[in-house]
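Thank you for making time this morning. I would like to walk you through one chain, starting with the empty space inside and working outwards from there.

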Amino acid sequence: MLLVARKALAAVHSKAIRLTTREVHYLSSILVSPPLVSLDLPENWIPYSDPPPLAAFETEQKTVVIDGKVIAEEIRTKIISEVGKMKKAVGKVPGLAVVLVGQQRDSQTYVRNKIKACEEAGIKSVLAELPEDCSEGHIISVLKEFNEDTSIHGVLVQLPLPQHLDESKILNMVRLEKDVDGFHPLNMGNLAMRGREPLFVSCTPKGCVELLIRAGVEIAGKNAVVIGRSNIVGLPMSLLLQA
Ligand SMILES: Nc1nc2c(c(=O)[nH]1)N[C@@H](CN(C=O)c1ccc(C(=O)N[C@@H](CCC(=O)O)C(=O)O)cc1)CN2
């Protein structure tokens, strides 16, 4: 992700901004990229405050390497605290279900990291590991269960899927309100349309925008080059940069 962010940063800004530690801390205390609509959180649950004004950081222009690890740590700390507050306030924690089909090493690693991140944040996670040769019907029945489970708020199907499976058909089965990857056509479509807001946006491009904003990069009005046009990164990245 750091590499993608670096590429994006280099592309949108020939010179970037060096922030003081105080400014970085100020920017990092909250999630600053555009908010996503909350789902079934009670009215008294206010996860984040207003984003900080960026104008204050636009004067000094120098090249800077964004430290994604530091920012990620700060966001994780904030999430741990928010989940803790939620548990105390309403006795519930968010729940994520992950569907992993087959034995691809990379996918196993990504999924393991997602589950570990959930554990560290106090988020419930459930992993459905299905065999490489499983049928579409089997995956769909697992997804239907997760769609109905009220303790599960987010469902993701780790990609790529084995070739014999129809990826679009399977991704369409994830309930819109639980589509944390933002791969459902309605979430993608709403991202592409002016004046509409998707419930979720694919995490890698969303993370890149978060890093850019936290680094004080004013995205509006800049020219950007996005290399690649995958549904997971390139396409949503280009749409987010136009927003
Ligand atoms: N259901 C999903 N499947 C897949 C996704 C996804 O977002 N949802 N993305 C990839 C796999 N993946 C996460 O699951 C993932 C892979 C790589 C990166 C990334 O940022 N890579 C950086 C390098 C990061 C580093 O090593 O420091 C890069 O390529 O520059 C993010 C997410 C496919 N499947």
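Before I name any residues, let me say what I mean by a cavity: a set of grid points where a 1.4 Å probe fits but cannot get out, with a residue counted as lining when one of its atoms lies within 4 Å of such a point. Please keep in mind throughout that this is a predicted model.

With that rule, there are 2 cavities of 30 Å³ or more, and the largest has a volume of about 40 Å³. Which residues line the largest cavity? They are Val155, Leu156, Val157, Leu171, Val174, Asp179, Asp181 and Phe183. By class, that lining holds 6 nonpolar and 2 charged residues, with no polar ones, and its largest share, 3 residues, is supplied by strand β3, which covers residues 154–157.

Let me stay with valine 157, a member of that lining. If we set aside its neighbours within four places in sequence, valine 157 is in contact with Val99, Leu143, Ile170, Leu171, Val174 and Asp181. Of those partners, Leu171, Val174 and Asp181 also belong to the cavity lining.

Val157 also takes us into the largest nonpolar core, which has 20 residues, and where Val157 is listed with Val99, Val101, Ile139, Leu143 and Phe146 as touching the most other members. At least two residues of this core come from each of β1 (95–101), β2 (124–130), α5 (136–148), β3 and α6 (167–172), and the largest share, 4 residues, belongs to α5. There is also a second, separate core of 17 residues, including Ile75, Leu191, Leu211 and Ala215.

Stepping back to the chain as a whole, we have 9 helices and 3 strands, and, read from the N terminus, the elements run α-α-α-β-α-β-α-β-α-α-α-α. Of the 243 residues, 40% are buried, and among contacts between residues at least 6 apart in sequence, 74% join residues at least 24 apart.

Finally, the database annotation, which in both cases comes from an unreviewed UniProt entry. UniProt lists residues 66–181 as "domain: Tetrahydrofolate dehydrogenase/cyclohydrolase catalytic", and over that stretch the model is 51% helix and 16% strand, with the end C-alpha atoms 24 Å apart. The record also places "domain: Tetrahydrofolate dehydrogenase/cyclohydrolase NAD(P)-binding" at residues 202–242, where the chain is 51% helix and 0% strand, and the end C-alpha atoms are 15 Å apart.

Key:
Residues are numbered from 1 along each chain as its sequence is written. This is a predicted model: local features need pLDDT of at least 70, side-chain atom pairs count only at pLDDT 80 or more; totals for chains, interfaces and linings use all residues. Side-chain values use heavy atoms; hydrogens and water are left out. On a 1 Å grid over the protein atoms alone, a cavity is a set of points where a 1.4 Å probe fits but cannot get out, and a pocket is an open set with protein on both sides within 12 Å along at least five of seven lines; lining residues have an atom within 4 Å of a point. Grid points are joined across faces, edges and corners, and a volume is the space filled by probe spheres set on the points. Ala, Val, Leu, Ile, Met, Phe, Trp, Tyr, Cys and Pro count as nonpolar, Asp, Glu, Lys and Arg as charged, and the others, Gly among them, as polar. UniProt positions are given in the numbering used here, feature names are shortened, and annotations may be inferred rather than shown by experiment. A nonpolar core is a set of buried Ala, Val, Leu, Ile, Met, Phe, Trp, Tyr and Cys residues joined through side-chain atoms within 4.5 Å. Buried means under 20% relative accessible area, exposed over 50%, partly exposed in between (1.4 Å probe, protein chains only). Contact means heavy atoms within 4.5 Å.
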